[in-house]
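Colleague: I've got a protein model open and I'd like to talk it through before I go back to the bench. Can you take my questions one at a time?

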Amino acid sequence: MPWCPVCKNEYREGIERCAECKVALVESLAEADDDGGKAARLQQEKLARLQAMYAAEQLQQEADSEDAATEERPSYHPYQNSAAKAEDNKSSAYILLFVGIVGFVFVFLIFMRIIPLYQNESTTRYLVCGVMGAMFVLFIVFGIVSMRNSRILLVKAKSEDSLLSELTKWCENNLSTEMIDDGLYGADTGEEQKYFMRTDRMRTIISDKFMNLDEAFLEHFVDEYYQRLFEDE
């Protein structure tokens with residue numbers, strides 16, 4: 001009875017190659033260790049390596065396809081409206097000004113010997129008061145800058161609110177679900193694909209009407225208005 005020199009399986013008479021290993025059968029297992037058996041094992045090992053290389057190439061191609069699809073999608077920076085930024089700057093300004101003023105007053109009292117520290121070490125007192133005083137002055141300066149930025153952002157927030165109202169009014173009059181979906185996708189398109197295709201078309205339509213919009217602002221508006229249009233689906 002013929003035998004496979006690699007997996008040692010026995011076959012019926014008339015079968016010439018192993019169904020699993022794809023190598024030529026031998027008349028007895030004793031022949032598995034001769035040159036023919038060794039050649040069969042080498043052939044099997046070569047076949048296994050080729051299969052492994054093919055599988056690795058397939059995985060790499062799939063990974064490259066996913067990366068390409070990700071790169072095709074536009075990326076946007078996270079959006080934070082100017083009103084929220086103004087409030088953050090205002091809170092930071094109050095904290096910096098409070099710490100800076102209180103700290104500077106404390107250092108001044110030490111320097112004037114009203115607070116009895118470093119009474120007998122004038123050099124140490126000058127050094128400490130100089131360094132600490134400079135640090136608290138920086139706190140005050142940063143607080144003033146943050147307060148100034150807060151006022152600038154409040155002005156910008158009013159402009160954003162006006163632009164947001166104008167965008168919303170225009171979309172209510174000119175943008176509909178039928179217009180967005182017209183010829184955009186097929187019957188077998190998934191919900192996630194629909195979302196990306198719809199929002200991409202919405203950004204294109206709005207950008208053509210309102211030029212030079214901030215990308216993060218536009219992305220935020222489109223996401224919000226998308227939920228308003230397609231919330232019932």
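Modeller: Sure, and one definition first: the expected span of a helix is 1.5 Å times one less than its number of residues. Keep in mind that this is a predicted model.

Colleague: Then let's use that on α6: what span from first C-alpha to last does α6 reach?

Modeller: Helix α6 has 16 residues. At 1.5 Å a residue, the expected span is 22 Å. The helix comes out close to that, and the span it reaches is 22 Å.

Colleague: And α2, what does that helix reach from its first C-alpha to its last?

Modeller: With 30 residues in α2, the expected span is 44 Å. The model's value is close to that figure. From first C-alpha to last, α2 reaches 42 Å.

Colleague: Stepping back, how many helices and how many strands are there in the protein?

Modeller: Reading from the N terminus on, the elements run α-α-α-α-α-α. That leaves nothing for the strand column, so to speak, as the count by DSSP runs is six helices and zero strands.

Colleague: Which element has the highest mean pLDDT?

Modeller: Overall, the protein averages a pLDDT of 80, and 78% of the residues score at least 70. Among the elements, α1 sits at the bottom with a mean of 62. At the top, with a mean of 92, is α2.

Colleague: Where does pLDDT stay under 50?

Modeller: Where pLDDT is low, the predicted coordinates should not be read in detail. The stretch you want has seven contacts beyond four places in sequence in the model. Its pLDDT stays under 50 over residues 72-76.

Colleague: Now the inside: which element gives the most to the largest nonpolar core?

Modeller: That core has 17 residues, and those with the most contacts inside it are Leu-167, Cys-171, Leu-175, Met-202 and Ile-206. The elements that give two or more residues to this core are α3, α5 and α6. With seven residues, the top contributor is α6.

Colleague: Which residues does Leu-167 touch, leaving out those up to four places away in sequence?

Modeller: Leu-167 is one of the residues with the most contacts inside the largest core. Leaving out those up to four places away in sequence, Leu-167 touches Ile-206, Phe-210, Leu-213, Phe-217 and Phe-221.  Two of these partners, Phe-217 and Phe-221, are on the list of buried residues in α6, which also includes Val-222 and Tyr-226. So to answer by name: Ile-206, Phe-210, Leu-213, Phe-217 and Phe-221.

Colleague: What residue caps the N-terminal end of α6?

Modeller: Look at the backbone nitrogen of Ala-216. A side-chain oxygen lies 3.2 Å from that nitrogen. The residue that supplies the oxygen, and caps the helix, is Asp-214.

Colleague: Is Thr-199 buried or exposed?

Modeller: Thr-199 lies in helix α5, where it touches Val-222, Asp-223 and Tyr-226, not counting residues up to four places away in sequence. A polar atom of the Thr-199 side chain also lies 3.2 Å from the backbone oxygen of Phe-196. The cut-off for buried is under 20% relative accessible area. Because Thr-199 has 2% relative accessibility, it counts as buried.

Colleague: What phi does Arg-113 take?

Modeller: Most residues other than glycine have a negative phi. Arg-113 lies in the loop between α2 and α3, and at 35% relative accessibility it counts as partly exposed. Although it is not a glycine, Arg-113 has a positive phi of about 65°.

Colleague: And Asn-212, is it buried or exposed?

Modeller: The place of Asn-212 is in the loop between α5 and α6. Asn-212 also has a positive phi, about 65°, although it is not a glycine. The cut-off for exposed is over 50%. Since its relative accessibility is 80%, Asn-212 counts as exposed.

Colleague: Last one: how far apart are the C-alpha atoms of Arg-17 and Cys-4?

Modeller: Arg-17 is found in the segment before α1, and at 44% relative accessibility it counts as partly exposed. Along the chain, Arg-17 and Cys-4 are 13 residues apart. Their C-alpha atoms are separated by 7.7 Å.

Key
Residues are numbered from 1 along each chain as its sequence is written. Side-chain values use heavy atoms; hydrogens and water are left out. Helices (H or I, at least four residues) and strands (E, at least two) are DSSP runs, numbered from the N terminus. Buried means under 20% relative accessible area, exposed over 50%, partly exposed in between (1.4 Å probe, protein chains only). pLDDT is the predictor's confidence in each residue, from 0 to 100. Contact means heavy atoms within 4.5 Å. A nonpolar core is a set of buried Ala, Val, Leu, Ile, Met, Phe, Trp, Tyr and Cys residues joined through side-chain atoms within 4.5 Å. A polar contact is a pair of N or O atoms within 3.5 Å; within protein, one must be able to donate a hydrogen and the other to accept it, and residues adjacent in sequence count only if both atoms are side-chain atoms.
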